[in-house]
Amino acid sequence: MLSPLVSVLRRLGLLAIALVLSVGLAACDGSKAKAAPSLSADDIAFITRQAEGFLDARNHLPELATLVNEKNWVFTRNLIHGPMQEVGREMSYINQRLLPADRPEANKRAEELKTALAELDEAARLQEGERLTRDYIRVASDFGLYAQVLPEQVKTALNQV
């Protein structure tokens, strides 16, 4: 009579030891709780400086719209190759400092904006009015889409995006 009880107690004891060891090993697996990735203060400051250049280029959109509406081929191209010329470089510098998970989308949007600017420039060069208008709308939209990838801290610091 005692023998079956001892056998059950041994099994329960072994089960308890296995359970304690499993929980203990899982708790001590060597991984540390990781904080969500975040940008350093230096990265935020750098991105903010570069974003100022991006926003300066974006601020030329109303002037560009006027030139497009007037079908002013020469000054449209001058604006693209002048004050708006550095926007590609600004976006590239920004993208390098973004979190790795955010970079693919930022790179995609930057390429779309650069392509749209090149298409607008080509429409002005060829003096194609309808295409110029269509490409301007795309440029304006792509400026807005790229601005969305800027970190919230940068948007707050610039208070413009």
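**View 1. Lys114 and its salt-bridge partner on helix α6.** Lys114 is partly exposed, with a relative accessible area of 33%; here buried means under 20% relative accessible area, exposed means over 50%, and partly exposed covers what lies in between (1.4 Å probe, protein chains only). This is a predicted model, in which local features need pLDDT of at least 70 and side-chain atom pairs count only at pLDDT 80 or more, while totals for chains, interfaces and linings use all residues. Residues are numbered from 1 along each chain as its sequence is written, and side-chain values use heavy atoms, with hydrogens and water left out. The side chain of Lys114 meets that of Glu111 in a salt bridge, 2.9 Å from N to O. A salt bridge is a side-chain nitrogen of Lys or Arg within 4 Å of a carboxyl oxygen of Asp or Glu. Both residues lie in helix α6, 3 residues apart, about one turn of the helix. Helices (H or I, at least four residues) are DSSP runs, numbered from the N terminus. Glu111 counts as partly exposed too, at 43% relative accessibility. As a general rule, side chains of opposite charge can pair when their charged atoms come close.

**View 2. Arg131 takes part in a network of salt bridges.** What does Arg131 meet in a salt bridge of 2.8 Å, N to O? Its partner is Glu119. Arg131 lies in helix α7 and Glu119 in helix α6, so the pair ties together parts that are 12 residues apart in sequence. Arg131 counts as buried at 16% relative accessibility, whereas Glu119 is partly exposed at 30%. Arg131 also forms a salt bridge with Glu128, and here the closest N and O atoms are 3.4 Å apart. Glu128 is partly exposed, with a relative accessible area of 33%. Through shared partners, salt bridges join Glu119, Glu128, Arg131, Arg134 and Asp135 into one network. Searching the whole structure gives 13 salt bridges.

**View 3. Phe54, Phe143 and Tyr146 form one aromatic cluster.** Rings of Phe, Tyr and Trp (its six-membered ring) pair if their centres lie within 6.5 Å; planes under 30 degrees apart count as stacked, over 60 as edge-to-face and the rest as tilted. By this rule there are 2 aromatic pairs. One is the tilted pair of Phe54 and Phe143, at 5.4 Å centre to centre and with 35 degrees between the planes. This pair links distant parts of the chain, with Phe54 in helix α2 (residues 41-58) and Phe143 in helix α7 (residues 129-147), 89 residues apart. Are these two rings buried or exposed? Phe54 is buried, with a relative accessible area of 0%, and Phe143 is buried at 0% as well. Phe54 also makes a tilted pair with Tyr146, at 5.1 Å centre to centre and 55 degrees between the planes. Here the chain positions are 92 residues apart, again with Phe54 in helix α2 and Tyr146 in helix α7. Tyr146 counts as buried at 0% relative accessibility.

**View 4. The aromatic trio within the largest nonpolar core.** A nonpolar core is a set of buried Ala, Val, Leu, Ile, Met, Phe, Trp, Tyr and Cys residues joined through side-chain atoms within 4.5 Å. The largest one has 38 residues, and those with the most contacts inside it are Phe54, Phe143 and Tyr146. Two or more residues come from each of α2, α3 (61-69), α4 (73-81), α5 (87-97), α6 (103-125), α7 and α8 (152-158). Which element gives the most to this core? That is α6, with 8 residues. Now look around Tyr146: leaving aside neighbours within four places in sequence, Tyr146 is in contact (heavy atoms within 4.5 Å) with Phe54, Met91, Ile94, Asn95, Ala106, Arg109 and Ala110.

**View 5. Arg97 lies over the face of Phe46.** The distance from Arg97 to the ring centre is 4.1 Å. A charge sits over a ring if NZ of Lys or CZ of Arg is within 6 Å of the ring centre and within 35 degrees of the ring normal.

**View 6. Lys71 and Gln127 have positive phi values.** Most residues other than glycine have a negative phi. Lys71 has a phi near 55 degrees and is placed in the loop between α3 and α4. Lys71 is partly exposed at 35% relative accessibility. Gln127, in the loop between α6 and α7, also has a phi near 55 degrees, and Gln127 is partly exposed at 49%.
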